[in-house]
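Good morning, and thank you for joining the group meeting. I should like to take you through one structure, beginning with a single residue and then widening the view.

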Amino acid sequence: RVLLDNRRPQAAGMADEEVPEVPPLQLIEMKYAPQLEALTEEYSDLTAKMSQLGATFNEELASLKAENTPETYFKIDSLHVKSRVRRNIYEELLQSTNASIERVLIAKAAEIAAAEAAMAVEVEE
């Protein structure tokens, strides 16, 4: 059940016991932590995959240079184009994920500011 006074929901059998209040700022942290954790993990995964692109490119380039056939130049050119496209895709995904992280942080900061303002008003009263 949802409690309006920032207390934790009561477990079965604890109906008459006092449940400690969770500070508003901690509630906000708890609200945004899962989102930020998931987005940060996604960003890290994308960064790792992007780093792997460079190693894969170097391996494929060395393999093509070892061939030394008349078609090698065209294969190398094709490899460069494919690598740039892959890199661009990951850069766009990273930018999108980064923008999502920023949106969550802005929303979190706004809620924290509102909670701090509300707490300041309560202290003055």
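Let me begin with Asn68, which is exposed because its relative accessibility is 66%. This residue sits in the loop between H1 and H2. Its backbone deserves a remark: Asn68 has a positive phi of about 50°, although it is not a glycine. As background, most residues other than glycine have a negative phi. Please bear in mind throughout that this is a predicted model.

Now to the overall fold. The protein consists of two helices and zero strands. Helix H2 covers residues 72-124, and helix H1 covers residues 24-67. Of the 125 residues, 18% count as buried. The protein exposes about 9300 Å², and carbon and sulfur atoms supply 57% of that area. As for contacts, among those between residues at least 6 apart in sequence, 61% join residues at least 24 apart.

Where do the two helices meet? One place to look is Leu46, in helix H1. Leu46 counts as buried, because its relative accessibility is 10%, and the cut-off for that class is under 20%. Leaving aside residues up to four places away in sequence, Leu46 touches Tyr90, Leu93, Leu94 and Thr97. With Leu94 the C-alpha to C-alpha distance is 6.6 Å, although Leu46 and Leu94 are 48 residues apart in sequence.

Leu93, one of the residues that Leu46 touches, belongs to helix H2. At 39% relative accessibility, Leu93 is classed as partly exposed. Leu93 also helps to make a nonpolar surface patch of about 320 Å², together with Val81, Val85 and Ile89. Leu93 therefore appears in two parts of this account: as a contact of Leu46, and, with its relative accessibility of 39%, as a member of the nonpolar patch.

A second pair across the sequence involves Glu102, placed in helix H2. The C-alpha atoms of Glu102 and Leu36 are separated by 9.5 Å, while the two residues are 66 residues apart along the chain. Glu102 is partly exposed, since its relative accessibility is 44%.

I turn next to the charged side chains. How many salt bridges are there in the model? The count comes to four, and I shall describe some of them.

Consider Glu29 and Lys108, whose side chains meet in a salt bridge with an N to O distance of 2.9 Å. This pair links distant parts of the chain: Glu29 is in helix H1 and Lys108 in helix H2, 79 residues apart. Are the two partners buried or exposed? Glu29 counts as partly exposed because its relative accessibility is 37%. Lys108, by contrast, is buried, because its relative accessible area is 14%.

Another pair is Lys31 and Glu111, which form a salt bridge with the closest N and O atoms 2.6 Å apart. Lys31 lies in helix H1 and Glu111 in helix H2, so this salt bridge ties together parts that are 80 residues apart in sequence. Lys31 has a relative accessible area of 47% and is therefore partly exposed. Glu111 is also partly exposed, with a relative accessible area of 27%.

The pair of Glu91 and Arg87 lies within one helix, H2. The side chains of Glu91 and Arg87 meet in a salt bridge at 3.6 Å, N to O. Why are these two separated by about one helical turn? Because they are four residues apart in helix H2. Glu91 is partly exposed, with a relative accessible area of 32%, and Arg87 is partly exposed as well, with a relative accessible area of 37%.

One further group of charges should be mentioned. Glu37, Glu41, Glu42 and Asp45 form a negative surface patch. Among them, Glu41 is placed in helix H1.

To draw these points together: the predicted model has two helices and zero strands. Salt bridges between H1 and H2 include Glu29 with Lys108 and Lys31 with Glu111. The buried residue Leu46 touches Leu94 among others. In the loop between H1 and H2, Asn68 carries the positive phi with which I began. Thank you for your attention.

Conventions: Residues numbered from 1 in each chain as written. Predicted model: local features only at pLDDT ≥ 70, side-chain atom pairs only at ≥ 80, totals over all residues. Heavy atoms only, no water. Patch = residues over 30% accessible without salt bridge, like charges linked within 9 Å, V, L, I, M, F, W, Y side chains within 5 Å. Areas by Shrake-Rupley, 256 points an atom, 1.4 Å probe, with all protein chains shown as cover. Buried < 20%, exposed > 50% of the residue type's maximum accessible area, 1.4 Å probe, protein only. Lys, Arg positive; Asp, Glu negative; His and termini not counted. Charge placed at Lys NZ, Arg CZ, Asp CG, Glu CD. Contact = heavy atoms within 4.5 Å.
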